[in-house]
Amino acid sequence: MSHIDARTVPVDETSRARLAEGGLDYRIVSGDALDDFLRSSARGFLGEEPTDAEIAAERELFEQTRRAIAVYDPTAAQPYPVATEASWVMSLAIPGGRMPMWAISDVTVSATHRRRGIARAMLEGELRAARDAGLAIAGLTVSEATIYGRYGFAPAAPASEITVDTRRAGWGATDPAVRVLFVEREQVAADLEELHERTFAERPGDVRAWTNRWRQRAGLVEGVDKPRQIRGVRAIDESGALVGAMAFRVNDGESFSSHVLEISHLVAATPDAHAALWRFAITYDLVSTVRADLQATDDPLPWLVADPRGVTLRPHDHGWLRILDVPAALRARSLSGAFGVRLRVTDPIGLADGAWTVAQMGADGVRVEPLADGERAEVTLDIGALSAAYLGSVRLETLQAAGRVAGDPEKIAALSDALRVRTAPRLSIWY
Ligand SMILES: CC(C)(COP(=O)(O)OP(=O)(O)OC[C@H]1O[C@@H](n2cnc3c(N)ncnc32)[C@H](O)[C@@H]1OP(=O)(O)O)[C@@H](O)C(=O)NCCC(=O)NCCS
C-alpha cells in the first residue's frame, strides 16, 4: 500500500475559489484552531459541548493522522468554522487484497449556513484532491442515505443489525472447544485491535481502524456514555491462542430477568470463536435480548441456534464507496473467470468517466484499456453503480433492474460474474 499522508494534500483550488466568491474561506486547519474545528463538528452532529479532555483526545488523533479542512465565515460571531470535514488514507479490504482509500468524515455545515452549496463545494473539493493525490477510491459512513449519491458514492459494504430473542432462539448443537474468559477493559481494547488487525483483510469492505476506535468500543475514551457498564471477554483456543474478543454491556430491560445485552464489538478469527462468543451472549443469565449491529449479512448465527426464528437479521447500508479512478480500481481487485466487456462509465461530477475494454484471459490478470475510436460500449453505468458493485455486494443485474446499468444482458452478466465474491462484503466499524 502506498503511504500518502493526507495532511500534506493541498486544498482543492476550484472549491477554494468557488467558496471565496461567497466571502468564505476554505482552508486546512492545524494547531490550536483544531479545538474550534472539533467543537464545530460536535455541534454539527447534535452533540453536547465537548469537554477539554474530549477535545484533547480527538486533537491528538487529528495531529497524528488527519487532514482537517474547514470553511470560515469572517462575519460569524464565534471563531468556529461554519463547516468541517476530515480525511485520511486508510486501508480498505478488497477481493484479493487491500488498497488505500481516501476516508472522509466529520462532514458538517453549521445550521446557520446550510443549503447554500457549502457541503457540495467541500465534497467535490475532497474528491478532486484525493484523485489528484493518486487515490483510486474514497469511502465514508453516512448519517443519512440521501446525501452522498449525488457525488457518486454508493453503499458497497453492508452490515446487519442482529437481534436475538434468547429464550426463543436457545442454542443449537454446536459445542465450540474455545474458552471464553472475562478480561479488564484495557485488555479487551488491546484484544479487539490485535484481532481486527489480523482479520479485517479477509472481509471485503472492512477497513483498518485506529487504536482509539478500540479504546472507545471498550469504554476507555472520554465521552462514552456509562463506560463502566462495558465488560470484556476474550476467546482462547485449545492451544492457548487468542481467537476472539467481545466488548458488551448489559442494559436494563422490562424486568430484572429480562436484561438486554448490547454487543459493542465482536471479532472472531475462527468459526469456533464466533460460535463461542455468541453462545456466551445468548446463554447469559437474566438476559432476554441480545443486540449487535455491524455484523456480516452472511453471519451464520441463525444456523447456530435451536430456533432460527429467534434471530432477526436486518441488513442495512453502511460502508459507502466512490471510485475515483476506474482502471486503477479494477486492476486492484481480483476478478473471477475469463471475460471481456466494453464498458462506459458516466460520472455526475466528471472525475472518473470514460470508456474502457475490461478483459481477463488466462493468468495475466485484468487488462483495462481505453476504447479505440469507433468502438462502442456494451455496458453503460454510472460511477455510483460501479462503486456499489465493486466489492460484489450487489449484482449488476439488480442495478440494471433499477435503471442504473444498461446494455447487452450477456455482457452485464459476464461483468457481474467477474465481480462476484465468496464472502459477503461488510464494514465492521463507523468512521
Ligand atoms: C448534510 C449537510 C452537511 C449538508 O450541508 P449543506 O451545506 O446544507 O449542503 P449543500 O447546500 O451543499 O447541498 C448539497 C446538496 O445536498 C442536498 N442535501 C443537503 N443536505 C441534505 C440532507 N440532509 N439530505 C438530503 N439531501 C441533502 C442539497 O439539497 C443539495 O442538493 P443538490 O446540490 O443536488 O441540489 C448538513 O446539512 C449537515 O451538517 N447536517 C448535519 C450533520 C450531518 O448529517 N452530516 C453528514 C455526515 S455523514
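Ala, Val, Leu, Ile, Met, Phe, Trp, Tyr, Cys and Pro are counted here as nonpolar, Asp, Glu, Lys and Arg as charged, and the others, Gly among them, as polar. By that division, the shell around the ligand in this predicted model is made up of nine nonpolar, six polar and six charged residues.

The protein chain that carries this shell has 13 helices and 17 strands. Its C-alpha atoms occupy a box of roughly 65 × 60 × 35 Å along the principal axes. A compact globule of 431 residues would be expected to have a radius of gyration near 22 Å, and because the protein chain has 23 Å, the two agree. Within the chain, 52% of the 431 residues count as buried, and of the contacts between residues at least 6 apart in sequence, 71% join residues that are at least 24 apart. The accessible surface of the protein chain amounts to about 19300 Å², with 47% of it belonging to carbon and sulfur atoms.

To return to the ligand, 21 residues surround it, and those that come nearest are Val107, Arg115, Gly117, Ser143 and Glu144. Two elements, β4 (97-109) and α4 (118-132), each supply at least two residues of the shell. Several of the approaches to the ligand are made by the protein backbone: a backbone N or O atom of Arg115 lies 2.6 Å from an oxygen atom of the ligand, a polar backbone atom of Gly117 is 2.8 Å from a ligand oxygen atom, and a backbone N or O atom of Arg120 is likewise placed 2.8 Å from an oxygen atom of the ligand. Taken alone, the ligand exposes 900 Å², of which the protein buries 77%.

The loop between β4 and α4 deserves a closer look, and Arg115 lies in it. Although Arg115 is not a glycine, it has a positive phi of about 55°. With the protein chains alone as cover, Arg115 has a relative accessibility of 78%, and therefore it counts as exposed, the cut-off for that class being over 50%.

His113 is found in this loop between β4 and α4 as well, but its relative accessibility is 8%, so His113 counts as buried. The side chain of His113 is joined to that of Thr112 by a polar contact of 2.7 Å. When residues up to four places away in sequence are set aside, His113 touches Asp73, Val82 and Ile118.

Elsewhere in the chain, Leu286 also has a positive phi, of about 70°, without being a glycine. Leu286 is placed in the loop between α8 (271-282) and β11 (287-295), and with a relative accessible area of 39% this residue is partly exposed.

The last residue to follow is Ser428, which is found in the segment after α13 (409-419). Which is Ser428, buried or exposed? Its relative accessible area is 5%, and because buried means under 20%, Ser428 is buried. The side chains of Ser428 and Asp206 are joined by a polar contact of 2.9 Å. Leaving aside neighbours within four places in sequence, Ser428 is in contact with His196, Asp206, His265 and Leu294, so that Asp206 appears both in this list of contacts and, because its side chain reaches that of Ser428 within 3.5 Å, in the polar contact.

Terms used: Residues numbered from 1 in each chain as written. Predicted model: local features only at pLDDT ≥ 70, side-chain atom pairs only at ≥ 80, totals over all residues. Heavy atoms only, no water. Near = heavy atom within 4 Å. Polar contact = N/O pair within 3.5 Å; in protein donor to acceptor, adjacent residues only side chain to side chain. Areas by Shrake-Rupley, 256 points an atom, 1.4 Å probe, with all protein chains shown as cover. Helix = DSSP H or I, 4+ residues; strand = E, 2+ residues; numbered from the N terminus. Rg over C-alpha atoms; globule rule 2.2 N^0.38 Å. Buried < 20%, exposed > 50% of the residue type's maximum accessible area, 1.4 Å probe, protein only. Contact = heavy atoms within 4.5 Å.
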